[in-house]
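Open the model in your viewer and keep the sequence panel beside it. The tour goes from one selection to the next and says what is found at each stop.

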Amino acid sequence: MMATATLASPAGAPPADDAIPMRRIFAFLAMVFGMFMAILDIQIVSASLAEIQAGLSASADEIAWVQTAYLIAEVIMIPLSGYLSRALSTRVFFSIAAAGFTVASILCATSTSINEMILWRAIQGFIGGGMIPGVFAAAFTIFPASKRPIVSPLIGLIATLAPTIGPTIGGYLSHAFSWHWLFLVNVIPGIGVTIAAWTLIDFDKPDHSLLKRFDWLGLGAMAAFLGSMEYVLEEGTRLDWFQSHEIVFFSGLMLAGAVLFFWRALTRDDPLVDLYAFRNRNFAFGSLFSFTMGIGLYGLTYLYPVYLGRIRGYDALMIGETMFVTGLAMFLTAPIAGRLSVKLDPRIMMMIGFGGFAAGTYIASFITADWDFHELLLPQILRGCSLMLCMVPINNLALGTLPPAQLKNASGLYNLTRNLGGAVGLAVINTLLNTRTDLHITRLHEAVAVGRQVAEESLANMTQRFSDFGDAAQAMALTVMNQRAHKQALIMAFGDVFLGLTFIFGALVLLSVFMRKPPKAAPAGGGH
């Protein structure tokens with residue numbers, strides 16, 4: 001395979017001096033910026049859905065698809081990108097992805113109906129998803145092991161920072177200008193990335209014979225499997241899971257697609273997605289940790305804004321300003337994580353990171369209705385620092401020991417696990433929030449039932465406050481008490497979810513102990 005031969009030279013046997021041509025450094029930076037845009041656009045609309053809904057006269061059910069369509073399409077492209085990158089070369093494939101993403105962004109901004117917006121968002125997600133895995137593959141292809149303490153924190157920072165600050169940037173743009181700028185902001189950088197990718201990338205050569213053997217049936221099966229899975233996880237909570245005919249249908253389609261996809265992937269000589277990378281123990285463990293990092297990354301990027309919006313009544317800009325702490329903590333921790341990756345056993349680093357994350361969610365489990373920026377400061381700092389301390393060794397562990405021929409496919413799978421972790425995490429978090437809120441409401445209603453002295457006194461005091469409204473006073477007092485009970489139940493449910501996340505990340509600390517110490521190719525080996 002031509003691509004393999006070209007890839008092997010930079011990563012397989014580094015030159016005596018580990019000098020990298022400036023052309024390749026600039027090419028890599030352009031790719032990193034492209035990945036930043038693609039990941040940012042997952043969350044950039046999340047704080048501004050109300051503005052888009054008003055602008056396009058969409059219903060509450062329809063507007064959710066502005067985010068869901070992007071995620072479903074992106075999840076299909078990410079594992080496919082390795083095959084297409086080998087077939088077309090990194091230069092051609094990345095340039096097409098960057099150009100297509102830019103055009104789709106313009107079309108999103110000029111949408112006049114919700115159906116148009118959903119179509120263009122799906123195309124934007126599908127094409128943009130091709131930019132994400134290429135960066136991970138390039139990092140471990142063109143840079144020798146001695147440079148990984150610089151490169152790995154950079155891609156780890158972008159992969160985690162982009163979704164974290166997405167709501168902040170989106171809230172600011174829609175507040176200062178209009179929702180159209182959520183998409184127009186991509187245009188000039190997108191053109192720059194496209195030009196830079198076309199003129200600077202020279203890592204590999206295409207293998208056009210792969211296009212002739214393209215597995216269309218495998219693509220259909222993968223799209224049915226991953227697309228249906230993403231849909232079920234995204235919409236399951238809202239549609240009450242298997243009470244909905246749609247969820248039952250797409251669950252069946254997911255299972256059928258999964259059987260056909262795995263059969264094609266494991267029996268063909270050149271499958272669209274090479275699953276054999278999972279035979280590498282470090283890659284398999286790294287992917288598992290990447291999956292759980294997706295739960296923490298996307299789960300908390302969702303939980304904090306929901307709390308601040310529903311309980312504290314913050315608008316999009318105020319939520320963004322509060323959430324910025326995590327992004328700042330990540331940014332400041334990235335160079336420290338790079339230095340530590342040379343000096344510390346990656347397993348120790350991961351244990352510190354997972355432990356810090358668990359500590360942050362444990363503190364947050366004591367959340368009350370009064371929590372504000374200051375109370376959320378320490379949990380957010382712990383989250384930001386811990387994410388970076390985890391991501392750097394996980395990236396090195398998962399991809400740093402694979403042979404160059406497997407890197408492109410493996411980086412697609414690796415990034416897919418993080419996105420699927422986010423989707424599974426959001427589904428579980430939403431379900432937990434709903435079920436635990438219902439449970440706490442039932443208990444609170446029992447605690448303030450008629451006949452209880454505290455309840456009777458509170459009702460009497462409340463009724464007295466509304467005495468000016470005559471006969472309606474008691475009904476108004478009951479309504480206020482009911483709203484307070486619902487609010488308190490929701491806060492208690494938030495605490496339960498944070499506690500659940502604490503147990504997950506606490507378990508990962510223990511799981512890290514059983515990992516095999518990485519061989520010398522990992523950055524702990526310095527310049528080997």
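Start by selecting Asp496 and Arg436, whose side chains meet in a salt bridge with an N to O distance of 2.8 Å. Asp496 belongs to helix H21 (residues 473-513) and Arg436 to helix H19, so this pair ties together parts that are 60 residues apart in sequence. With 25% relative accessibility, Asp496 counts as partly exposed. Arg436 is partly exposed as well, its relative accessible area being 28%. Bear in mind throughout that this is a predicted model.

**Other salt bridges**

A search of the whole structure finds six salt bridges. For another of them, select Asp41 and Arg121, where the side chains meet at 3.7 Å, N to O. Asp41 sits in helix H2 (residues 22-43) and Arg121 in helix H7 (residues 114-128), so the pair ties together parts that are 80 residues apart in sequence. Are these two residues buried or exposed? Asp41 is buried, and so is Arg121.

Next, select Asp215 and Arg268, which form a salt bridge at 3.6 Å, N to O. Both partners are in loops: Asp215 in the one between helix H12 (209-212) and H13, Arg268 in the one between H14 and helix H15 (281-310). They are 53 residues apart, and the pair links distant parts of the chain. Asp215 counts as buried, at 3% relative accessibility. Arg268, at 24%, counts as partly exposed. Add Arg264 to the selection: salt bridges that share partners join Asp215, Arg264 and Arg268 into one network.

**The second largest cavity**

Keep Asp215 and Arg264 selected, since both are among the residues that line the second largest cavity. This cavity has a volume of about 50 Å³. To complete its lining, add Gly218, Leu219, Met222, Phe261, Ala265, Pro271, Leu272 and Val273. Which helices supply at least two residues of this lining? H13 and helix H14 (245-267) each do. By class, the lining has seven nonpolar, one polar and two charged residues.

**Helix H13**

Now select residues 216-235, which make up helix H13. At 1.5 Å a residue, its 20 residues should span 28 Å, and the end C-alpha atoms are 28 Å apart, which agrees. Colour the helix by accessibility: 15 of the 20 residues are buried, so H13 is largely enclosed by the rest of the structure. The cut-off for buried is under 20% relative accessible area.

**The largest cavity**

The structure holds three cavities of 30 Å³ or more. For the last stop, go to the largest of them, with a volume of about 90 Å³. Select Ser81, Gly82, Ser85, Thr90, Phe93, Phe94, Gly130, Pro133, Gly134, Ala137, Lys408 and Ser411 to show its lining. The elements giving two or more residues to this lining are helix H5 (65-88), helix H6 (90-109), helix H8 (131-142) and helix H19 (404-447). Helix H19 is also where Arg436 of the opening salt bridge lies. How do the lining residues divide by class? Four are nonpolar, seven polar and one charged.

Methods: Residues numbered from 1 in each chain as written. Predicted model: local features only at pLDDT ≥ 70, side-chain atom pairs only at ≥ 80, totals over all residues. Heavy atoms only, no water. Helix = DSSP H or I, 4+ residues; strand = E, 2+ residues; numbered from the N terminus. Expected span 1.5 Å × (residues − 1). Buried < 20%, exposed > 50% of the residue type's maximum accessible area, 1.4 Å probe, protein only. 1 Å grid on protein atoms, 1.4 Å probe; cavity = no way out; pocket = protein on both sides within 12 Å on 5 of 7 lines; lining within 4 Å. Points joined across faces, edges and corners; volume = space filled by probe spheres on them. Nonpolar A, V, L, I, M, F, W, Y, C, P; charged D, E, K, R; others polar. Salt bridge = Lys/Arg side-chain N within 4 Å of Asp/Glu carboxyl O.
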